[in-house]
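Me: Could you walk me through how to read a few features of this model?

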Amino acid sequence: MRIFQYSLFVSIFIIGVSLYMNLEKPIAKPSSPDQCMSCHSSTTNMDKSHPIEVFGCFKCHGGNRYATNKKDAHRGVVLNPSRLEYANRFCGECHSDVVKRVSSSMMQSQNGILNVLKFQWGELSTPIGLEGVVELKDKNSTSLAESHFRKACASCHVNQHEDVFDDKKYARGGGCVDCHRIEKGHQEKNHYVHSKLSSKIPSKNCLKCHNRSNRIGISYFGKFESEGYGTPYKHGEFSHKLDGSRFYYELPADIHHTKAGLDCIDCHTEKGVMGDGKKNHHMEDAEDIKCNDCHKPKFKKADSLAVMLSDLNGNIPETKSIAYTNKKNSPIYNLQKDKNSTKFYRKRDGKAFDMSNMSNKPYHTLDIHKRLDCTSCHSSWVPSCYGCHEVYFENGKQFDWVKREVTKGSWQEFRSFLRFESPSLGVGYNKKIMPFAPGCQVIGTLFKDKKVEKFHAMAMAGWDPHTTQKEVRSCEDCHFNPASLGLGRGNLDIKNNRIFFEPFYNSKKSGMPFSYPIDGFVSSDGKQFQTTSRKDARSFNKKELQKIVGAYKCILCHDRYSDKIYKDFNKSKILFNSGKTVCLD
Amino acid sequence: MSKYVAWVTQALFIISLLSGLIVVFVYYPSNAYDSVQKLSFITPFGLFFRELHYFSSEIFIFSILVHILIELSKKEIKINFKSWIYSIFALLVALVLMFTGFVLKADQSANAAAEVAFSLLKDTPFLDKFLPLVRDNFVFYWKFFVWHGLFLPLIIEYAILKHVRKLSVNISYFTIALGVTLLVSLFLNLPRDIGLDEKVLHVKGPWFFWGAENMLQAGLSVLGINVVIILPFLLLIGMYKSNTKLLKILLLLWVIIYAYFSV
Amino acid sequence: MLRLIVIFFMLGLHLNAEDCVDCHKKEAQKCQSSNHYTLSNAINITRKAWGIKDSNVTLQTIPHSKIDVKKPSDLVDDFLRRKCLKCHLNVKNSGERGMKRQRGCLACHSKHSKKGRCQTKKIAMSKCLSCHNKEFVGTDYKGLFPKDYSHSFRTPLQKDGKYPSQRYGIDFHHLNQDIHYKLGMSCVDCHNNKNGKNWKKNITCKDCHKELSKSNHKEYHSNISCSACHSSWNMSSYELSVFRDDTADYAKWKDLTLQEDAYLNKFLKKALKSKKKIKPVMPDWVDMKQKKGVWYSGWRYRRWEDMVLGVDMNGTIKILRPIFQYRVSYRDANGSMVLDDVSSVDGKPLEAWAPYSPHTITKKAKSCERCHNTEIKKGGVYSLKIPKVIYNGKALSKTQTDRLKSYKYKKIRAKMLN
């Protein structure tokens, strides 16, 4: 059996070679907590709660934690585990409740926008019930509103892909990191700086998105999106840039910013921002905080969440008694009460501010203004963009932010004019009187293959403009200013208890398909011109208009809240009308 | 030649057995995937022994097939019927051992394979009663581990002993078997483990299962699959009594059809 | 004779101006001293706003700007020559829609027919509006208010998807029209030369409206101009930033090619499209030569509903308008900023205002509140709305402002409303 001997010989040789090769192989040194650290040892911590020495890389990024070569180790690695499609598996292992809530929250779905848009454009009978981005993902929609949503609105949602933004300065999205990242990861000379995450979310993260439409974010900081002149010119360039070709000018900022430098998160609670797990239809449903929660607080014992949050923050002391929101009962752990004082702590750095409660002066207690929302008096200005001329080119091409590719059909936006002075008032979604501004006054022109179609959907909307001031508007600014009453800019007068109003703006001549003035929410006899997108929101009606303007003749002289006629104004009016008061003699 | 292959096959079995004895020490059914990864990447010589275990087993199966082919090409079967039955039973157990071994590596493909096997069992009359023998609701791999690491080796050893009558550890054959295994492992890689988090479109079971998988996909019923699987064994049993051309052709046909579906 | 020759040269150097002067010697002489001819009002008020004290030059005597620029006043003549003085009787017009007209006498008057007779005696409104457009008096009579410059205000689009074609180099909002316009009157129906008066300044409402209907005209408001109450809206244009750039930096203006200047619009469009480097040049509209540097401009904002009162030289209360509240920048050809957003004259801001008469008259006067409730908020850009310097007039006195809120007023008003 020669073949037997040969093969025996060869086998011995092979065994020798193999043993030699295996003995020569370096033996992997185990590193802790996972093998990733044998290469990535220089990576810095992302925050104090997730130290790499304990968590390692694998826990958050996946891959193969034992592999010692790049190819095997990186198989299945997720660069950004906080994207919501991965977050459940990674972040959600500990924060499963939060991931769940964010995934169904309004900032992820943008369903509020789609609800209102489709309702206003006549594609939905009630402005509720849609799923937003999620439902458009696998859909080929032919609807006009959906097309507009895809090409404009959908760029801003928490789970947008950061890499689709050409200008990385304005990149948004990325899941949890959209808000929680305070510094982007980058390579430094001899170590890698991991993205830094924090629960102390800087306002600039909020402003990545909240700077358009109702422009709450920039208004809070006293920025009003301007007519686009970029004036004054500084160093031969435009100044006051926002982004793209948008500019602003400075107006008085919100007192919470000017006086205490508060950030968005100082008021907006975790539940209000990341969702409460319920399906909300509009921003105000999701919103948690109200002025009263801090200015007329109810203190209770701090619950475990409050303790955890203040501990996580690190700057805010733990006390027994903290305030809670009225609506969702979330802890306002930075508003605390001890024996002698009530203090509000700024989350950014723990700076304490003495809180005095809302004054009990007549203006807050009298019945005459009990229907007023705080914002109706305390908001000093509202960014009002009149006329949103939406032009659609059927044969154009534009980026679809949901599908993330260029598709057929493009939109271009134009406007008529901007104002910030004398915000219009109306009855808001909460049945209280609050400032209103265009939201949105769509005048659409559709350039289709061979024909041009037109439509218009004029709407006003009420919101808290975040331009709060301690000083309020004067009595006359509401009671005899046509713009504030919602009539529009023009000349208002009363004769024989009838309201006369002559608007300045001529919509028809200016090319609009309607005859009422574009800044007119309501006619002088109480006919509402423009719609709203909330069940209870509306303009003043005839009775209300007459009541408001009717009070003006008293206000002329009785221009103080402390005036005794306001103690029981109805009674005073009866007395006056029956000639029993000495007035005007 | 025939004897030569038989002895090498036996040596391969012993190598597989011994290398299995080594890797079993670092395998933890409750933490299966991680322990396999740890074995492969961190334990000194872990990958060497895992490869040895894997390739020796694979070559073992191949050499059994070669052994059968050689024996069938002869005019008559020399062993008695009882021994013949044990041999076929050993082949079946070897395949089950291979399958349980595949499952024990605990990656995504292993999980999928186990799930497929469970549902096949569940839908098979009579065999469904044996499902609790492999399925464990607490530690997924525990029962596979027990079968693969303890009972099946004992059973196959018994069957092999019945088949060969005497167990001889000839150092020369052992050396050759080891050489062949190492040679193969020098040129081939272990099929890569598919991480539990990885997103893959399609996972496959062990190679001898591919045909069955594809037949299932093509629409064959569970009962049909059982028939397909059991058919070659029946044919082999039948061959003892009448080593006719017809049965050989049928077996060849089966191999061709199964190979076709496998690819 | 010499005088005649001078007139001959100055008026309508081309066409048949000599024909006019041959017969209309007297009128030509009179024209020479008119503001239409000298443009001294506009020139001197702008020079004053840019820091030249006691300016007294005319279109004919306006100097060239200094080459060595140190302060805004060193550049004002260049600005005037190249931006403002686009409209003078002899200018060779750049031909934007609505601004096309002939020169010399024919700028206003129509040509004689071959028979030697005037085709129409009445000067068409379009002739007046070819200069009196955009800011303040003129197009406001037709209810026009210029839209903001950015392309995002150019709406509604035409049927072919193109931007609307602009008149006078800009698009317009349509606001309330003057009642006289609605009734079919044109400019010269009031601003005429009847009674031998110099037609621009001295025409008053009372010349026609001799009988005032209501007692409150006399009782309370004897010292107030008619337009203060009877104008519908008025124009407040806040803070004009102007920038002369001698470098070829055009890309940033792509959304702002319309700056109420047809030459600039055309120039920028060409420069933005061209692959070659285009030199920054703009004509001097007085000597009609191309000169280096381009003037850009942009507002802070403009309003039609703001109303600020002041007193004119005769002591009459009038509506004020900002004299543009200039901020000046200048970058020379080397790219260095000679003036970087300078807004001061001797340390004072250029926040100058002047009284004017809006031509947006309505029959029904404003409600009392439009004046009596005037309350300008302070802080931020609101401060632009507070008149600090008033040319050709002064601010309301303390007694006058107190009177706005007096008890007497309140009582009377309350009675009216009751």
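Reply: Start with chain B: ten helices and zero strands, where helices (H or I, at least four residues) and strands (E, at least two) are DSSP runs numbered from the N terminus. Before we go on, this is a predicted model, where local features need pLDDT of at least 70 and side-chain atom pairs pLDDT 80 or more, while totals for chains, interfaces and linings use all residues. Residues count from 1 along each chain as its sequence is written, and chains are lettered from A, with ligands numbered from 1, in the order in which they are written.

Me: How do I judge the radius of gyration of chain B?

Reply: Take it over C-alpha atoms and use the globule rule, 2.2 Å times the number of residues to the power 0.38. With 263 residues, a compact globule would be near 18 Å, so the 19 Å of chain B agrees. The C-alpha trace spans about 55 × 50 × 30 Å along its principal axes.

Me: Which two chains share the most contacts?

Reply: A contact means C-beta atoms, placed from the backbone, within 7 Å. Two pairs of chains touch, and A with C has the most contacts. Chains B and C do not touch, with their nearest C-alpha atoms 46 Å apart.

Me: What does strand β7 of chain C pair with?

Reply: Strands pair if DSSP finds at least two bridges between them. Three bridges join β7(C) (residues 309–312) to antiparallel β8(C) (residues 317–322), with Val311(C) opposite Ile317(C). Three bridges also join β7(C) to antiparallel β15(C) (residues 393–395), where Asp312(C) partners Gly393(C).
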